[in-house]
Amino acid sequence: MKRQDEEWAEIRTPKVIDKAVVQLSIDAPQFTHDIINELYRNDLNIDQQIISEILSLPRKTVLEDLHNVVYDSISRFDVFVGKDIEWNPETHEFLMHAVLLLVELKDDSSLEVLLDILRQDNDYLEVWFSDFLTDGFWELIYPFAHNKFNVLKNFLLEPNRYTFSRSAVSDVFMQMALHQPEKRGEISAWYKEIFEEWILRQDDDTIIDTEVIAFLVSDAVDLKMKDLIPQITELFTNGLVAKEVSGNLEKSLLRINEEIKYDQKRKVFNSITERYNYFLSSWIGYKNEDEHEQYINLNSKGKEVVTDSLRNFNPQPIVNTKIGRNDPCPCGSGKKYKKCCENK
C-alpha cells in the first residue's frame with residue numbers, strides 16, 4: 001500500500017481551464033432552419049425522418065446551425081443545468097443529436113467544433129457526456145482524423161486541458177492503428193513527436209499530465225511499437241509516467257516485447273443510423289424496460305456490476321467485488337481497468 005501511495009503521489013495533473021469559445025447567454029439561438037429546434041424536443045428515439053430532413057438541408061447553412069447548437073450547450077450551460085433543473089432526455093439530448101449529425105456530414109470544419117467541446121472543463125463534460133467521454137467520444141473524432149494528425153497532436157499539447165479530453169483523442173490513434181495497419185508508421189511517428197515534446201517540456205505543469213502520458217505509453221506498448229522504446233524509457237526515467245496507470249518500465253518493456261497481443265479493437269460505426277441504434281440498445285433509459293428493471297433489482301440486492309456508468313448501461317457479468325475504473329486491471333496487464341478490459 002505504501003508503494004502504491006508513493007506512485008499516486010508522483011502523479012502530475014494540469015489545472016483545467018476551459019477555453020472561452022463563446023459568450024455566456026440566456027437567450028436561445030436563432031437558426032436558419034426551424035427544424036433544428038426539433039433537436040431540443042426529442043430524445044434519442046427521435047423520428048429518423050427528422051434526421052433525414054436535416055441531413056438534406058443546404059450544407060453550408062445546416063453546418064452553421066449545428067455548430068450553433070453545440071456552442072449553445074456552452075453559452076447556456078447554466079440554463080440547462082442550473083439549480084433544481086434535472087436531466088431530461090427529451091430536452092437535453094440536443095447536443096448529442098448535433099454531434100452525431102456533424103459526424104455524419106463529415107465536414108472538416110466540424111473537427112474544431114468537436115475539439116472545442118473537449119476544451120471545456122470537467123463539469124461541462126460530466127454533465128453532457130459522463131462516461132461516454134472515455135468510452136465512446138473517440139469514435140466521433142475518428143472520421144476526421146485521417147488527415148488531421150498535426151491538429152490532434154497540437155490539441156494533446158495544449159495547456160490546461162482535462163485528462164480525459166486528451167485521452168479521448170489519444171484513443172483515436174490507438175484505434176486507427178488497429179483498424180488501418182497501413183498507417184502504423186505515421187501513427188508511430190505521431191507518438192514519437194508527442195513523447196519527445198513532453199520530454200523537452202517536462203517542467204511545464206500546464207501540459208504534463210502523467211496519466212495521459214501513461215495512457216499513450218500503454219497504447220504504444222500494446223501496439224508493440226518497439227521503435228518507441230528509447231522515448232518510453234526516457235519518459236519513465238524522468239518520472240513522467242503514472243505507473244498506477246501503465247505499470248512500471250520493466251513491465252512495459254516486457255509487454256512491448258512479448259508476442260501476446262491484447263484485443264483492444266473497438267467498433268467503428270459506418271453511419272448515423274448505426275450510432276443511434278447502438279445508443280438506443282445500450283444506454284440506460286433506452287434499453288428494454290425488463291432488462292433495466294433486472295439491472296435495478298440486482299443492484300438493490302447489494303450485488304455489483306462491472307460498469308458503473310448510468311448513461312452507458314451495458315450489462316456485464318456480475319462479480320462479487322466491484323472493480324473501480326482506476327483500479328489495476330485483474331487481467332494482470334499492469335494498466336488501469338478503464339484502459340484495459342473494461343472496454344472488451
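## Overview of a predicted, mainly helical protein chain

Buried residues, meaning those under 20% relative accessible area (exposed is over 50%, partly exposed in between, with a 1.4 Å probe and protein chains only), make up 52% of the 344 residues in the protein. This is a predicted model, in which local features need pLDDT of at least 70 and side-chain atom pairs count only at pLDDT 80 or more, while totals for chains, interfaces and linings use all residues. Residues are numbered from 1 along each chain as its sequence is written, and side-chain values use heavy atoms, with hydrogens and water left out.

The secondary structure comes to 19 helices and two strands, where helices (H or I, at least four residues) and strands (E, at least two) are DSSP runs numbered from the N terminus. Contacts are defined by heavy atoms within 4.5 Å, and of those with a separation of 6 or more, 74% are between residues 24 or more positions apart. The protein exposes about 16100 Å², of which carbon and sulfur atoms supply 48%; accessible areas come from the Shrake-Rupley method with a 1.4 Å probe, and for residues only the protein chains shown count as cover.

### Helices H6 and H18

Helix H6 covers residues 94-105, and its end C-alpha atoms are 17 Å apart, which agrees with the 16 Å that its twelve residues should span at 1.5 Å a residue; the expected span is 1.5 Å times one less than the number of residues. Eleven of the twelve residues of H6 are buried, among them Phe94, His97, Leu101 and Leu105. The residue that follows H6 is Lys106, with a positive phi near 55°.

In helix H18 (residues 272-282), the residues Ile272, Arg275, Tyr276, Phe279 and Ser282 are buried. These residues lie on the same side of H18, because they cover an arc of only 150° around the axis, the arc being that of the directions from the helix axis to the C-beta atoms. The buried residues of H18 pack against H6 as well as helix H2 (48-55), helix H9 (132-135) and helix H10 (137-141).

### The nonpolar core

A nonpolar core is a set of buried Ala, Val, Leu, Ile, Met, Phe, Trp, Tyr and Cys residues joined through side-chain atoms within 4.5 Å. The largest such core has 98 residues, and Ile117, Phe129, Phe137, Tyr191, Phe195 and Trp198 are the ones that touch the most other members. Helix H6 gives the most to this core, with ten residues. In soluble globular proteins, nonpolar side chains tend to be buried together. Setting aside residues up to four places away in sequence, Trp198 touches Leu157, Ile207, Ile208, Val212, Ile213, Leu216, Leu235 and Leu240.

### Two buried loop residues

Leu223 lies in the loop between helix H14 (210-222) and helix H15 (229-237), and at 6% relative accessibility it counts as buried. Apart from its neighbours within four places in sequence, Leu223 is in contact with Met174, Ala177, Leu178, Arg184 and Tyr191. Its C-alpha atom is separated by 9.4 Å from that of Ser188, which is 35 residues apart from Leu223 along the chain.

Gln264 is found in the loop between helix H17 (249-257) and H18, and Gln264 is also buried, with a relative accessible area of 10%. Gln264 and Leu178 are 86 residues apart in sequence, yet 8.0 Å apart in space, C-alpha to C-alpha.

### Salt bridges

With a salt bridge taken as a side-chain nitrogen of Lys or Arg within 4 Å of a carboxyl oxygen of Asp or Glu, the count comes to 16 salt bridges. Three of these pairs are listed here.

| Salt bridge | Closest N to O distance |
|---|---|
| Glu64 and Lys60 | 2.8 Å |
| Arg76 and Asp72 | 2.7 Å |
| Arg201 and Asp204 | 3.0 Å |

Glu64 and Lys60 are four residues apart in helix H3 (residues 59-75), and they are therefore separated by about one helical turn. Glu64 is partly exposed at 36% relative accessibility, whereas Lys60 is exposed at 61%. In the second pair, Arg76 is buried with a relative accessible area of 10%, and Asp72 is buried at 2% relative accessibility. In the third pair, Arg201 is partly exposed, with a relative accessible area of 28%, and Asp204 is partly exposed, with 22%. Elsewhere, Glu112, Asp116, Arg119, Glu158 and Arg161 are joined into one network by salt bridges that share partners.
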